[in-house]
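Biologist: I should like to go through this model with you, beginning with its overall make-up and then turning to individual residues. Please give the reasoning behind each answer.

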Amino acid sequence: GEANGRVPLEPVATVVTAQEAEGPPTKTMRQAFAEYQSYLDETGRYRKNGKTTSERSMLTLAITELLEDCGNKPISELDESVLLVYRDKLERKPRLTRKGINRKIQMIKRCLRWMRPRGIITREQWLEFFALEPLKRGELPADRERRQPKRAVSLDDVEAVALEAGRTVSAMMWLQALTGMRPGEVCAMRWQDIDTTPIAIEQQLCWTYRVAQAKTAHHGHKTSYHLDPKAQEILIDVGQKESGHVFSPMQAMKERHDELREERATPPTKQMRDRDSGQRRSFKNHYTVDNYAQAVDRALERTKVVRFTPHEIRHGFITRGAQQY
């Protein structure tokens, strides 16, 4: 009974679309991991000196491998079994060590740790991944533990290879052997980073090399090396510049070219003069770790010394220090 015979209107039926009935669209696994990588790009993580680090490259590879078979599935279906399938696939790669497999799985867990508080995955999903333990020693064949044991390079081996390496690379090897600096640190050495103010260390007057962009700088650590008189002689012999890197491939190749011309027994020909006056191949003004390692490799081929890497020169310094002290 409404006034004047009016009756209430019938409630209008709400039309629910199929999309609304299913709820909001779920991200695919590929979209979720792409969101994480966009976050890394926006915040500048895994970048040093404006360049992407090797850690980021490996992270991208791990994500790509994981998503090959499941990228288009909803992120809600991502569980421990998906991660186990990925790990099984890694185990079938004979060149990948146990440590390398665990490292890639840990990288994927790092992505998921970022997704959890942002609601991309649930708490239950994260707890499943967190409970997945790394492969332990003995779960893979012994030859999958490490491709090559780390070696402590002796001073005799450094000397034998340095004799075949050319003046610039030889100087870099000896600096590593005398100070224990990392390959990247000797490549990045600039004159402006070297303080020649004498500091007495064990009755020797040393210079100080302060690494501008050290490996552990993101942890708030500062890295420096004391350069004893032998290291100073090497740097003086290289020749000081007002600025720029101490060791330059451009300078090394020029020196190599000049040496070959001096050693030439026959008179110079017109073709040789034309070649020298023409456009030469361009080289970088500083070494990268890869360039340096390749140069050491080429020198090793001309000796009978067992192959080693520049990082193992540092390992040799640390081993000698441990034995002495």
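Modeller: A residue is called buried when its relative accessible area is under 20%, and exposed when that value is over 50%. Please bear in mind that this is a predicted model.

Biologist: By that criterion, what percentage of the residues in the protein chain is buried?

Modeller: The protein chain is built from 14 helices and five strands. Of its 325 residues, the buried ones make up 35%.

Biologist: What is the accessible surface of the protein chain, and how much of it belongs to carbon and sulfur atoms?

Modeller: The accessible surface of the protein chain amounts to about 21,200 Å². The portion that belongs to carbon and sulfur atoms is 51%.

Biologist: Which helix gives the most residues to the largest nonpolar core?

Modeller: The largest nonpolar core has 35 residues, and Met173, Met189, Ile194, Leu235, Phe247, Tyr292 and Phe308 have the most contacts inside it. Elements that each supply at least two residues of this core include α7 (155-162), α8 (167-179), β4 (204-210) and α13 (289-301). With six residues, the helix that gives the most to this core is α8.

Biologist: How many residues does the other core have?

Modeller: Apart from the largest core lies another one, with Leu59, Leu66, Cys70 and Ile101 among its residues. Cys70 counts as buried because its relative accessibility is 6%. The number of residues in this other core is 33.

Biologist: Which residues does Met189 contact, leaving aside neighbours within four places in sequence?

Modeller: Met189 is among the residues with the most contacts inside the largest core. Beyond its sequence neighbours, Met189 is in contact with Leu175, Met181, Ile194, Tyr209, Leu235, His245, Val246 and Phe247.

Biologist: Which residues of β5 point to the buried face?

Modeller: β5 runs antiparallel to β4, and four bridges join the two strands. Across this pairing, Trp207 stands opposite Leu227. The side chains of β5 alternate: Ser224 and His226 point to one face and are not buried, while those pointing to the other face and buried are Tyr225 and Leu227.

Biologist: Is Leu135 buried or exposed?

Modeller: Leu135 lies in the loop between α6 (123-131) and α7. Leaving out residues up to four places away in sequence, Leu135 touches Arg87, Glu91, Arg98, Ile101, Asn102 and Leu140. Because its relative accessible area is 6%, under the 20% limit, Leu135 is buried.

Biologist: How far apart are the C-alpha atoms of Leu135 and Lys99?

Modeller: Leu135 and Lys99 are 36 residues apart along the chain. The separation of their C-alpha atoms is 8.2 Å.

Biologist: Which side chain makes a polar contact of 2.4 Å with that of Asp157?

Modeller: Asp157 lies in helix α7. With a relative accessible area of 18%, Asp157 falls under the 20% limit and is therefore buried. Not counting neighbours within four places in sequence, Asp157 is in contact with Arg151, Val305 and Phe308. The side chain that makes the polar contact of 2.4 Å with Asp157 is that of Arg151.

Biologist: Is Tyr325 buried or exposed?

Modeller: Tyr325 is placed in the segment after α14 (310-324). A polar contact of 3.5 Å joins its side chain to that of Gln324. Since its relative accessible area is 69%, over the 50% limit, Tyr325 is exposed.

Biologist: How many disulfides does the structure hold?

Modeller: A disulfide requires a pair of cysteine sulfur atoms within 2.5 Å. The number of disulfides in this structure is zero.

Definitions and conventions
Residues numbered from 1 in each chain as written. Predicted model: local features only at pLDDT ≥ 70, side-chain atom pairs only at ≥ 80, totals over all residues. Heavy atoms only, no water. Buried < 20%, exposed > 50% of the residue type's maximum accessible area, 1.4 Å probe, protein only. Core = buried A, V, L, I, M, F, W, Y, C linked by side-chain atoms within 4.5 Å. Contact = heavy atoms within 4.5 Å. Polar contact = N/O pair within 3.5 Å; in protein donor to acceptor, adjacent residues only side chain to side chain. Pairing = 2+ DSSP bridges. Areas by Shrake-Rupley, 256 points an atom, 1.4 Å probe, with all protein chains shown as cover.
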